[in-house]
Amino acid sequence: MLRSSDSRTERPPRCGFRSDAGSASLEFVTAGALLLVPVVYLVLTLGMVQGAAFAAEGAAHASARAYVQALEPAEGRTTVDEIVRLAAADFSLDDAPAATEISCVPATADCLQRDSVVTVTVTLDVPLPLVPSALDSSLPLHIPVTATAVQRVSAFRGELQ
């Protein structure tokens with residue numbers, strides 16, 4: 001009696017090739033690590049930019065309010081610089097360069113006259129994380145974040161003092 005061949009029998013290994021058994025997990029781990037590193041870097045970068053946006057917005061708003069309440073423009077400028085420094089430090093951006101611009105409408109010598117409108121613009125340069133500063137000279141390796149706030153000087157300024 002002839003028997004049909006059993007379908008469960010193993011095939012002999014191909015000449016010169018090794019078995020693939022167990023390589024899928026190695027490929028998964030390798031591919032996962034290669035994809036995870038850029039995602040983690042992106043999350044770090046976006047977190048720093050978001051923190052800088054919060055710092056710049058808060059600093060601009062507080063600076064505009066403090067400037068219009070100052071007695072002299074020089075005192076207001078000193079207060080604005082201190083507010084920007086503290087806001088950047090609150091979000092661990094101590095090393096980030098900050099620029100502050102104060103403008104007034106109408107453009108007169110005294111920004112603190114009654115009913116003038118003061119605009120404060122704060123710009124923070126966020127350095128990219130884990131990038132050496134030596135490369136910054138050849139490539140722009142920072143992200144500028146800008147916020148603006150507007151505040152009107154009180155019409156009753158000086159009457160209560």
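## The R77–D81 pair in helix α2

R77 and D81 sit four residues apart in helix α2, and therefore about one helical turn separates them. Helices here (H or I, at least four residues) and strands (E, at least two) are DSSP runs, numbered from the N terminus. The side chains of R77 and D81 meet in a salt bridge, with an N to O distance of 3.6 Å. The term salt bridge stands for a side-chain nitrogen of Lys or Arg within 4 Å of a carboxyl oxygen of Asp or Glu. In general, side chains of opposite charge can pair when their charged atoms come close.

How exposed or buried are the two partners? R77 is partly exposed, with a relative accessible area of 31%, and D81 is partly exposed as well, at 37%. On this scale buried means under 20% relative accessible area, exposed means over 50%, and partly exposed lies in between (1.4 Å probe, protein chains only).

## A second bridge, and the model behind it

The whole structure holds two salt bridges, and the other one joins E82 to R85, whose closest N and O atoms are 2.5 Å apart. E82 and R85 also belong to helix α2, where they are three residues apart, about one turn of the helix. Both are partly exposed: E82 has a relative accessible area of 37%, and R85 has 46%. As a rule, an α-helix has 3.6 residues a turn, so residues three or four places apart point the same way.

Please keep in mind that this is a predicted model, in which local features need pLDDT of at least 70 and side-chain atom pairs count only at pLDDT 80 or more, while totals for chains, interfaces and linings use all residues. Residues are numbered from 1 along each chain as its sequence is written, and side-chain values use heavy atoms, with hydrogens and water left out.

## The chain as a whole

Two helices and three strands make up the secondary structure of the protein chain, in the order α-α-β-β-β along the sequence. Of its 161 residues, 25% are buried. Among contacts with a separation of 6 or more, 64% link residues 24 or more positions apart; contact means heavy atoms within 4.5 Å. The chain exposes about 11800 Å², and carbon and sulfur atoms supply 61% of that area. Accessible areas come from the Shrake-Rupley method with a 1.4 Å probe, and for residues only the protein chains shown count as cover.

## Helix α1 and its two sides

Helix α1 has 47 residues and spans 69 Å from its first C-alpha to its last, close to the 69 Å expected at 1.5 Å a residue. That expected span is 1.5 Å times one less than the number of residues. Its buried residues include T45, G51, A52 and Y67, and what covers the buried residues of α1 includes α2 (73-90), β1 (98-105), β2 (117-127) and β3 (142-152).

T45 lies in this helix, which runs over residues 23-69, and counts as buried at 11% relative accessibility. The T45 side chain reaches the backbone oxygen of Y41 at 2.9 Å. Beyond its neighbours within four places in sequence, T45 is in contact with L128, P129 and I143. Next to it in the numbering, L44 is also in helix α1, but L44 is partly exposed at 41% relative accessibility. L44 joins L36, V40 and L130 in a nonpolar surface patch of about 410 Å². Patches are built from residues with over 30% relative accessible area and no salt bridge, joining like charges within 9 Å and nonpolar side chains (Val, Leu, Ile, Met, Phe, Trp, Tyr) within 5 Å.

## The loop between β1 and β2

S116 is in the loop between β1 and β2 and is buried, at 0% relative accessibility. What does the side chain of S116 reach? The partner is the backbone oxygen of Q113, at 2.9 Å. Not counting residues up to four places away in sequence, S116 touches V105, P106, C111, Q151, R152 and V153.

P106 is found in this loop too, and the peptide bond from V105 to P106 is cis, with omega near 0°. D115, likewise in the loop between β1 and β2, has a phi near 65°, a positive value in a residue other than glycine. D115 is partly exposed, at 41% relative accessibility.

Key: A polar contact is a pair of N or O atoms within 3.5 Å; within protein, one must be able to donate a hydrogen and the other to accept it, and residues adjacent in sequence count only if both atoms are side-chain atoms.
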